[in-house]
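Student: Could you take me closely through the metal site of this model, and then through the parts of the chain around it? I would like one connected account, with the cut-offs behind each term.

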Amino acid sequence: MTNIQETSASELSHREVQLPQAIARLENATSATILCHVQPDADTIGSGLALALVLERKGIPVQVAFGAPDELPESMREFPGTHLLVPASQVRRNVDLLVTMDCGSAGRLGKLADRLENAGETLVIDHHRSNTRFGNMNLIDDSAESTTAVVAQMFDLWGVDIDADLAHCLYAGLVTDTGSFRWVQPGTHTLAERLLDTGIDGARIARRLLDTHPFGWLPMLSEVLASATLMPEAAGGRGLVFAVIRQADIGDLRSEEVESVIDIVRTTSEAEVAAVLKEATDGSWSVSLRSKSDVDVSRVARYLGGGGHRFAAGYTSTGTSSEIVTSLVDSLG
Ligand code: AMP
Ligand code: MN
Ligand code: MN
C-alpha cells in the first residue's frame, strides 16, 4: 500500500457521520454484525436488537452478540429479536458492516473487539460523552438520553414504522438509561408516549428490568450496605461514599442484583460522588461511579481507563479493594 492510500484509509477511519449517512450505509449493507457492550444493559441490547430486526426485515443477514458473559441477562430475555443473538464464539470474522451499540470505546466490546479488524466498515452508534470515535463512521449524539433514542431518530428519518416489537426494545433502553424517567429532557416523554402508544406494556418491561429481584438480594444488600463507607473530605470536600461487593456476597445472584446497588448508594446526601466496587470472577474489579452536580465522573473514569457520562461512569481495575479506593480518591482530587 502506498503512503497516499494509507493516509486516506486513516482519514476514513475516524469520520463523524450524521443520520442520513448512517442510514445510507445500513441500507447498502450486504451483511451486518451488531455488537453490544460487555456486561450488557437494556440500552445496548435494546438498540442492537431493534436495528437487527429492521435489517432482518430488509433481507440483510444480521447477527447480534456481546463479548461477555455467555448468557443474556435474564431480565432481557423477553425482548423481541433475541432469535438474532449468537454466542460470541460464533460471530463471523468477516462482515460487510459491523455496528457497535452503546459502546464508548473498542474495549467495551471485550473479546469481540478483534472483529473490528476484518469488517468492511464499522459504524459506531452511541451517546457517551467519552466516545473515542473508534469506528470508520461515528454516529455519536451525547445529548441523547439513550442509544435507543438515537436509534428511534434514525428509524424516523429512515421511514421505519416503529411497531410494538421495535418499541419494546427502544423503550427498554429509554426507561433504564433515564433512571425510570428521572434524568429527562424536553422530548423524552414524547418519545416514551409514542413507544407506549404501540401497545407495549411499559409497566411490565420496567418491572422486569428494574424492580424484580430474588429474595437473596435482600441479605446481599444488607451485607454490602452495612459496610458502606463515607469519606466527607474526598472529592475536594464534596464527599465520596462507596460500597464493595465481593464474589462471596454475589454467590448465585444475577448481574441485575449487583448492578442495583449503585442506585441505593448514590442517594447518600453527604456525598457528591458514589462508587460501587464489584469483584469479577477473575478477581478484577468493575467500578461504577455516580455524581450529582459538579463532578464530571466521566473524566475521572477515563483517567482510570474507563469512560461514561458526566454523572454516570465506570472503569475496570485490578488490585485490592483498598488500592482501588486510594487511586479513586487521588483521582477525585
Ligand atoms: P455502570 O456503572 O456499569 O452502570 O456504567 C455507567 C456508565 O459508565 C455507562 O454509561 C457505561 O457505559 C460506562 N462504563 C462502565 N464501565 C465502563 C468501563 N469499564 N469502560 C468504559 N465505560 C464504562
Ligand atoms: Mn450501556
Ligand atoms: Mn446507554
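Tutor: The manganese ion (ligand 3) is held by four protein donors, Asp43 (OD), Asp102 (OD), His127 (NE2) and Asp177 (OD), at 2.1 to 2.3 Å; donors here are N, O and S atoms within 2.8 Å of the metal (3.2 Å for Na, K and Ca), and since water is not among the atoms, sites may look incomplete. This is a predicted model, in which local features need pLDDT of at least 70 and side-chain atom pairs count only at pLDDT 80 or more, while totals for chains, interfaces and linings use all residues. Residues are numbered from 1 along each chain as its sequence is written, chains are lettered from A and ligands numbered from 1 in the order in which they are written, and side-chain values use heavy atoms, with hydrogens and water left out.

Along the chain, the donors of the manganese ion (ligand 3) follow the spacing D-x58-D-x24-H-x49-D. His127 lies in the loop between β5 and β6 (137-140), whereas Asp177 belongs to helix α5, so this pair ties together parts that are 50 residues apart in sequence; helices (H or I, at least four residues) and strands (E, at least two) are DSSP runs, numbered from the N terminus. With a relative accessible area of 2%, His127 is buried, while Asp177, at 23% relative accessibility, counts as partly exposed; buried means under 20% relative accessible area, exposed over 50%, and partly exposed in between (1.4 Å probe, protein chains only).

Asp102 leads on to the second metal, as this residue bridges the manganese ion (ligand 3) and the manganese ion (ligand 2), which lie 3.8 Å apart. The protein donors of the manganese ion (ligand 2) are His37 (NE2), Asp41 (OD) and Asp102 (OD), at 2.0 to 2.3 Å from the ion, and their spacing in sequence is H-x3-D-x60-D. Within this set, Asp41 and Asp102 link distant parts of the chain, 61 residues apart: Asp41 sits in the loop between β2 (32-36) and α3 (42-57), and Asp102 in the loop between β4 (95-101) and β5 (119-126). The bridging Asp102 counts as buried, at 2% relative accessibility, whereas Asp41 counts as partly exposed, at 27%.

The loop that holds His127 is also the place of Arg133. Arg133 has a phi near 55°, a positive value in a residue other than glycine, and at 25% relative accessibility Arg133 counts as partly exposed. Another backbone feature is the cis peptide bond that joins Ala68 and Pro69, with omega about -5°; Pro69 is found in the loop between β3 (62-66) and β4.

Now to the aromatic residues. A search of the whole structure finds two aromatic pairs, where rings of Phe, Tyr and Trp (its six-membered ring) pair if their centres lie within 6.5 Å, and planes under 30 degrees apart count as stacked, over 60 as edge-to-face and the rest as tilted. Phe155 and Trp158 form a tilted pair, 6.4 Å centre to centre with 45° between the planes. These two residues are three apart in helix α4 (residues 147-158), and are therefore separated by about one helical turn. Phe155 counts as buried at 0% relative accessibility, and Trp158 is buried too, with a relative accessible area of 11%. Tyr171 and Phe181 form the other tilted pair, at 5.8 Å centre to centre and 50° between the planes. This pair links helix α5 (residues 164-177), where Tyr171 lies, to the loop between α5 and α6 (188-196), where Phe181 lies, 10 residues apart. Both Tyr171 and Phe181 are buried, and Phe181, although not a glycine, has a positive phi of about 65°. Arg182 lies over the face of Trp183, at 5.3 Å from the ring centre; a charge sits over a ring if NZ of Lys or CZ of Arg is within 6 Å of the ring centre and within 35 degrees of the ring normal.

As for the setting of the site, the secondary structure of the protein comes to 13 helices and 12 strands, and 52% of the 333 residues count as buried. Among contacts between residues at least 6 apart in sequence, 66% join residues at least 24 apart, a contact being heavy atoms within 4.5 Å.
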